[in-house]
Amino acid sequence: MKKWLFSVLLSVVSLSLSALPVIVLPEKPTLQEKTAARELALHLKLVCGKELSVITENLAGRGGQLIYVGATGFAAAQKTALEKFAPEEWLVKAVDESRLILAGGFPRGTLYAVYEYLERNHGFLWPDVKSVYCKKDKNIHWTAGMNYRGKPAFAYRSIYSSFVPGSELWKIRNRQNTFHTVLPEKFDAWGIAPAYGSPWFCHTFYEYTRHLQKKDHDILSLNSGTRRVSTSRHGMGQICYSNPKTAQFFAGKLLEWIPRDRQGKEKWQYPSFYMLSTNDNRNECECADCRRVARTAGYSALKTRFVNQVSRIVTKKYPDVVFQTDAYGLHAYPAKNDVKPDKNVVMMIAYGALDPTRPRDTFRSYAHPENRITRQLHLDWSKQASLAVWDYWLDCIRPDYPSTLLPAMVDNIRFYKKLNVIYLMGECPFPSRVSLWYLRIYIANRFMTDPSRDLDTEIKRFMTAYYGKAAPFMFKYQKLLERTTPKLNEPVSAYAIDRRHDLDEAFFAEAEKLLAEAAESVRRDKASLERVEEEWSVVARAKIEKFHVSDPEYVNKYHRIAVRMISRHEGAYRSGQRKKAVDQLRDAALARVPRAAGFEKQTLITDYSWPLLSLARFNKKVKDPDAAGGYAVVFGNPKEDLSKYPGVSMGVYDQKKRVYAMPAVTIPKEAAPLDEKYHWYDLGRCRLPENPLIYLHWSWTLQLVASASFRSPEIYDNDVRIYVSLKLQGPAYVKGSVKPDMYAVDRVLIVRGDLNSQKLLHPLPEKVSPEQVEADLAAASLKLRPLKADRASLVQMSFKSAQLRPGAKFYVLVKDNTGKVSPVTNGLILKKDGKYHLYKVYSGPLTRDFRMGAGRAKIDLSPYFAMAEAEKQYDVMLSIKCISSGEVFIDRCLILKK
């Protein structure tokens, strides 16, 4: 009998222990507590496969497992003092094995308690927008005595990126609480309030002034003598900080917007900040008052004084308003005077890479010497104001190539925490282009909430959830990236793919081996396999571009996976643009463009036809039967009026040193060939820099990064000659034309310049044979400005060099490598017949610093100095025309072998 009774009692106990918990809400739960309970029930069903009941506390019995969610009476009885919790502070407390408290401060603390419990007790991860990972268990249980309490490390946390629709809930579950432009009403149930009030969250000066009446244009920045109206958040002008009317105008706008933003809202729903930030350009006001302050105290003094003025007007009526302004661009440095932000002004620091005034490598931590100046700026600002940080968690310029910054990102988040940063946002767009993008977002979210976590532990946790059995190989791949990127001496943004020496053949061999092993390990797991393939596509793109891979099977595989990746991970706004770029890369890789005719005698370094030209981010590819390979890249769009722009303008810029590697080539359109066909333009010789940008139009929106042409200096000292094939077409250039306007480039050739490799593009004067010509500086390569159309010239253009008085001679001076300037003739007596004649102005060796002055013409012959023939003798001839009035014109300079 006793034995039977014991068996019955044991069965009852077992039954009660295996029953599902009941979720218990307060008798009158808030909307946010209901949301937390719903999230808990939804996720626990994923664990055990069964629905959990949700009841209010007045209906709860005392038996079975109970999970108390929110400010319940039971939680109060346990002396939790929830009323003292911060808005995001959470508590996970197991009173025993059958009673669990998940609660926190209002409005998000309880929700965060639910997520903390799910992560810690059931292994939950939300690795991407559509995926949820957890440990399965038929029972829901917890350990008695479990007691966790905490809150996120930063009050405001956000990642600025392009997300697919519906990603907001994924961000909330990963504890982001700032959504910029998304309508906040949608997230009341989640306890999310708008971070920013009207009008916008960045570059707001445009928003304040976009509908400005003409009578108020005096509050705009004065640039080149004009009050410049901003046409977007990026251009053109700024505002005048020193005009007292400007602060009054901005404050007036805010006094209209603030009550509108608060209407019908509870206090916790009010916007946290109002942003007063510069437009995304450097066209600061040049009026006398602004320039005076900027010269002595810096631009930050101007803007900080202005923001303080606006704040003091607004806070008379709304004392609780907090402002943000930006330490960005020319405002990066704190004021040099005693002007400091008021207490209710938060300074948003936004320091990207490639600013020469304050170097910043986003792929290295602030402890690295490269970031010494920028680190100190953070410290200096922290002594003046509360800080917000807009960080950059990717290579903003070239995001398509394998790289990682996770160790640096984590170190920097810890640095921000030490500075008591209240608002941390990382910019990390391009989910279809960045290496291990979802891992990067996951790590950012994890460390923004708790910087004390261990990086490798978190990476492995993500890998297991996202890649399944492929996780060990993907972890090794991440470690490969961690070893690779630090090999670079400059910020990653400074390197075009051709210069990424860390991405060598050994890297691609190891990366593709690891990714192949990862794919094989999950070949029967479609979701994990496709995720591995997506990472392979980032590696494949870099390989195709760097080594000009043209294997159709390889290229088409890349294209197929890349398109799928874009469709899944990019929002509609970006996906069309991304797919066009991927199509373009495929077409370029598989293209077959014939060798450029007429350059057989030149030593070719690189031939940039449309497959390579079209990869530049600004260049627009168009079909053109006249172009090499059938395509060209163009400036502008079909609706743009090209007639208002100058003619041909090209040059070479050293992106590393931020100087011009050669003077600009500028040819007026009336002097250029106007037969609407492609013609070669000789830009002349130059010493190609390590990271050259060849701009092919005055706007720089038609360009070529030619780092693939840079070679080891000991070979030929990067002495190159550059040829551009360009066409001007349409009525903007040719009167009476019926063709569409087009400024098109179909080819750029870079050849060795230290050899006699010039292709002569213009007829030579009589008595000069091609065999004599060492160099012909004519038209584009003459580099005199301004050139004018001149039909008397064999090159169809010339430069006005002097105005001679009657009987005066024309003098030519030369500067040699000692710096000595001396006349090379006793003066030329010019024929005033209006025709061009050749005059010998120098005979002897060229020197390393050979510069010639002929009237106003400054002609640099130093690029034509050849070390191998330093003692060789040359004749330098000028083609000069003089007319009866004494005006002197030069159209070319010939260097002839003696």
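1. Trp90 makes a good starting point in this predicted model: its bridge partner in E5 is Gly104. The two strands concerned, E4 (residues 90–96) and E5 (residues 99–104), run antiparallel to one another and are paired over six bridges. A hairpin of two residues makes the connection from E4 to E5.

2. Strand E4 has a further antiparallel partner to look at: E6 (residues 147–150), with four bridges between them. Here you will find Lys93 opposite Asn147 of E6.

3. Please have a look at two peptide bonds as well. The bond from Phe106 to Pro107 is cis, with omega near 10°, and Pro107 sits in the loop between E5 and helix H4 (109–122). The bond from Ser198 to Pro199 is also cis, again with omega near 10°; Pro199 belongs to the loop between helix H5 (168–173) and helix H6 (205–209). Both deserve a mention, because most peptide bonds are trans.

4. Now to backbone phi. His548 is not a glycine, yet its phi is positive, at about 50°. You can find His548 in the loop that lies between helix H16 (526–547) and helix H17 (552–569). Is His548 buried or exposed? With a relative accessibility of 45%, His548 is classed as partly exposed.

5. Glu676 likewise has a positive phi without being a glycine, with a value near 60°. Glu676 is placed in the loop between strand E19 (659–667) and strand E20 (679–687). Glu676 counts as buried because its relative accessibility is 11%, and the cut-off for buried is under 20%.

Notes: Residues are numbered from 1 along each chain as its sequence is written. This is a predicted model: local features need pLDDT of at least 70, side-chain atom pairs count only at pLDDT 80 or more; totals for chains, interfaces and linings use all residues. Side-chain values use heavy atoms; hydrogens and water are left out. Two strands pair if DSSP finds at least two bridges between them. Buried means under 20% relative accessible area, exposed over 50%, partly exposed in between (1.4 Å probe, protein chains only).
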